[in-house]
Amino acid sequence: RIIQFTLPVLSTYSYLLISDSEALVVDPGRDISAILEAAKKEKVTIKGVYLSHSHADFIAGHMEMVNVLKCPIYQSKKSGAQYGIHPLSEGDRISVGAASLKFIDTPGHTPDGMCGLVYGKSSPDVPEAMFTGDVLFVGSMGRPDLLEGSISAAWLASAAYDSWFNKISKL
């Protein structure tokens, strides 16, 4: 089961993936109280935090979550994070209850974009859901021109095309 949390000011979403008595937090916003309340109401133990990419609006609550729960942060090894993470690579998997997540590199919106494919016990070879962060929206894709630094918007746009054409569209 997936519970969605909305931060209307930034038009961002956080999620709680629940399977059996375990949960994974996806892209926590700064105020984690609603997520913690939902986990308590659902009687689940949060086993970790997954960050789909490293833009501030998607990682704002991760350290507070870790400080409160003492759980790991799962994030792309390409993120260059200066805080402790469990680094993810293409094809890595983690379990949450009876569900599993398989991670695929999907750069484009950011160089470290990583989608999480959710598999259930009834369909271990066919994903039932996908956490995309800002890589993919309903009807559009994440902008490649928001990153400052040495990586060009043209490179990110090309990477976004490859992520869509070679991976996401094939699912």
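**Exercise 1.** In this predicted model, classify Glu-42 as buried, partly exposed or exposed, then describe the salt bridge in which its side chain takes part.

*Solution.*
Step 1. The relative accessibility of Glu-42 is 28%. Buried means under 20% and exposed means over 50%, so Glu-42 counts as partly exposed.
Step 2. The side chain of Glu-42 meets that of Arg-1 in a salt bridge, with 2.6 Å from N to O.
Step 3. Glu-42 belongs to helix α1, while Arg-1 is in the segment before β1; the two are 41 residues apart, and the pair links distant parts of the chain.
Step 4. Arg-1, at a relative accessible area of 54%, is exposed.

**Exercise 2.** Determine which parts of the chain the salt bridge between Glu-64 and Arg-30 ties together, and state the accessibility of Glu-64 and of Arg-30.

*Solution.*
Step 1. The N to O distance between the side chains of Glu-64 and Arg-30 is 2.5 Å.
Step 2. Glu-64 is a residue of helix α3 and Arg-30 is in the loop between β3 and α1, so this pair ties together parts 34 residues apart in sequence.
Step 3. Glu-64 has 31% relative accessibility and counts as partly exposed. Arg-30 has a relative accessible area of 52% and is exposed.

**Exercise 3.** Locate the two residues of the salt bridge between Asp-105 and Lys-78, then give the total number of salt bridges.

*Solution.*
Step 1. The closest N and O atoms of Asp-105 and Lys-78 are 3.4 Å apart. The cut-off is 4 Å, so the pair qualifies as a salt bridge.
Step 2. Asp-105 is in strand β8 (residues 99-105) and Lys-78 in the loop between β5 and β6, 27 residues apart.
Step 3. Asp-105 is buried at 12% relative accessible area, whereas Lys-78 is partly exposed at 48%.
Step 4. The count of salt bridges comes to four.

**Exercise 4.** Describe the sheet that contains β1 to β6 and place helices α1 and α3 on it.

*Solution.*
Step 1. The sheet is open, has six strands in the order β1-β2-β3-β4-β5-β6, and its pairing is mixed.
Step 2. β1 (2-7) and β6 (86-88) are the edge strands, each pairing on one side only. From one strand to the next, the twist averages 25 degrees.
Step 3. β1 and β2 (residues 12-19) run antiparallel and are joined by six bridges. Leu-7 has Thr-12 in β2 as its bridge partner.
Step 4. Helix α1 (residues 33-42) lies across β1, β2, β3 and β4, at about 20 degrees to β2. Helix α3 (residues 62-69) packs on the sheet and touches β3, β4 and β5; its direction makes about 155 degrees with that of β4.

**Exercise 5.** Classify the aromatic pairs Tyr-15 with Phe-131 and Tyr-161 with Phe-165, and find the charge that sits over Phe-165.

*Solution.*
Step 1. The structure holds three aromatic pairs. In one of them, Tyr-15 and Phe-131 are 5.4 Å apart centre to centre, with 50 degrees between the planes, which is tilted.
Step 2. Tyr-15 is in strand β2 and Phe-131 in strand β10 (residues 129-131), so the pair ties together parts 116 residues apart in sequence. Phe-131 is buried, at 5% relative accessible area.
Step 3. Tyr-161 and Phe-165 are stacked, with 5.6 Å centre to centre and 5 degrees between the planes. Both lie in helix α4 (residues 153-166), four residues apart, about one turn.
Step 4. Phe-165 is partly exposed at 41%. The charged end of Lys-170 sits over its ring, 4.5 Å from the centre.

Notes
Residues are numbered from 1 along each chain as its sequence is written. This is a predicted model: local features need pLDDT of at least 70, side-chain atom pairs count only at pLDDT 80 or more; totals for chains, interfaces and linings use all residues. Side-chain values use heavy atoms; hydrogens and water are left out. Two strands pair if DSSP finds at least two bridges between them. Axes are lines fitted to C-alpha atoms, for helices over the stretch in contact, and angles run from 0 to 180 degrees between N-to-C directions. Contact means heavy atoms within 4.5 Å. Rings of Phe, Tyr and Trp (its six-membered ring) pair if their centres lie within 6.5 Å; planes under 30 degrees apart count as stacked, over 60 as edge-to-face and the rest as tilted. Buried means under 20% relative accessible area, exposed over 50%, partly exposed in between (1.4 Å probe, protein chains only). A charge sits over a ring if NZ of Lys or CZ of Arg is within 6 Å of the ring centre and within 35 degrees of the ring normal.
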